[in-house]
Structure formats: C-alpha cells, structure tokens
Amino acid sequence: MVKKTINALACALIAPLAFAQTSTTTAEQMTTGSGTVTTYEPGKIIVVGSENAPDTFSYVLDDTVRYVNKAGKQIDERLIKPGSRVHVYYDNTGETPVVNRVVVDEVKAKITRKLKAAGS
C-alpha cells in the first residue's frame, strides 16, 4: 500500500514535467515596402520604385516567395510587369532583404483594342 502511494506521488510530481512544452520563438523582423515595379526577374530579384522619393529598392526573391492579390489569392507571377503596384514583405535580418511575399495591388496590363474598319 505504501509502495503504491509513493508511486502515485512520484507520478504526480513528474507528470507536469513530462507534459510541459517548450517552444523556441525566433523573432522574425518582417518589413514591408511598397511602390511600383521597375524591374522584375522571376525567381531572382524585384526592383521597386518608392512612392514618396525617386529611390528604387532591390530585393532578392526567396525560393518560396508567394505572389498574391489584395484579397490574398495566389496569382501567376507572370502577371507582374514593370508598372505594377506592389507591397513586398521581406526578412530584414541578413545583409540582403529577402522577399517571401509579394502583394499585387494593381497589375498594369496591356489592353489592345481592335478597331473596326470604317463601314464594317
């Protein structure tokens, strides 16, 4: 009986330690930038012109970069062209800013209209 009581006490004392969870939190320094795309090389870099200054900012694209519209739906990266308004989300912990998400506000698309010949 005493042996069962000691075992029960030992289990009661050890159980909180066995179920304790430790978590390591790394503070990511996510930063955003926005402006108009001046240069874009899929899988490599994106250069964004500042909205408030004549400066441009170059960003390296992460291998897993996500391209989304304002609603958060994934879009085809080929829609991004010079002139597209974007917000870039990048990790600013290293020497070079690495973009992991690009939110496209507006895609500058060519609209071609065929004019009907007079009299058609």
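Author: Two strands pair if DSSP finds at least two bridges between them. The model discussed here is predicted.

Reader: Which residue takes a positive phi in the hairpin of β1 and β2?

Author: β1 covers residues 30-41, and β2 covers residues 45-50. The two strands are antiparallel and share six bridges. Their hairpin has three residues between the strands, and the one with a positive phi near 80 degrees is Gly-43.

Reader: Which residue in β2 stands opposite Glu-41?

Author: Bridges tie particular residues of β1 to particular residues of β2; one such pair is Val-37 with Val-48. For Glu-41, the residue standing opposite in β2 is Ile-45.

Reader: How many residues lie between β2 and β3 in their hairpin?

Author: β2 and β3 run antiparallel and are joined by five bridges. Within this pairing, Ile-46 is opposite Tyr-59 of β3. The number of residues between the two strands of the hairpin is five.

Reader: In β4, which residue is the bridge partner of Gly-33?

Author: β1 also pairs with β4, in an antiparallel arrangement with seven bridges. β4 spans residues 85-91. The partner of Gly-33 there is Val-88.

Reader: Does Tyr-90 count as buried or exposed?

Author: Tyr-90 belongs to β4. Buried means under 20% relative accessible area. The relative accessibility of Tyr-90 is 11%, so this residue counts as buried.

Reader: What distance separates the C-alpha atoms of Tyr-90 and Val-60?

Author: Along the chain, Tyr-90 and Val-60 are 30 residues apart. In the model, their C-alpha atoms are separated by 9.0 Å.

Reader: Which element gives the largest share of the largest nonpolar core?

Author: This core has 16 residues, and those touching the most other members are Ile-46, Leu-61, Tyr-67, Val-88, Val-99 and Val-102. Two or more residues come from each of β1, β2, β3 (56-69), β4 and β5 (98-106). The largest share is four residues, and the element giving them is β3.

Reader: Why might nonpolar side chains be found buried together?

Author: A core like this one, with 16 residues, is an example to keep in mind. In soluble globular proteins, nonpolar side chains tend to be buried together.

Reader: Which residues does Tyr-67 touch, not counting those up to four places away in sequence?

Author: Tyr-67 is among the core residues that touch the most other members. Contact means heavy atoms within 4.5 Å. With residues up to four places away in sequence left out, Tyr-67 touches Tyr-40, Gly-43, Leu-61, Lys-73, Gln-74, Ile-75, Glu-77, Ile-80 and Val-102.

Note on methods:
Residues numbered from 1 in each chain as written. Predicted model: local features only at pLDDT ≥ 70, side-chain atom pairs only at ≥ 80, totals over all residues. Heavy atoms only, no water. Buried < 20%, exposed > 50% of the residue type's maximum accessible area, 1.4 Å probe, protein only. Core = buried A, V, L, I, M, F, W, Y, C linked by side-chain atoms within 4.5 Å.
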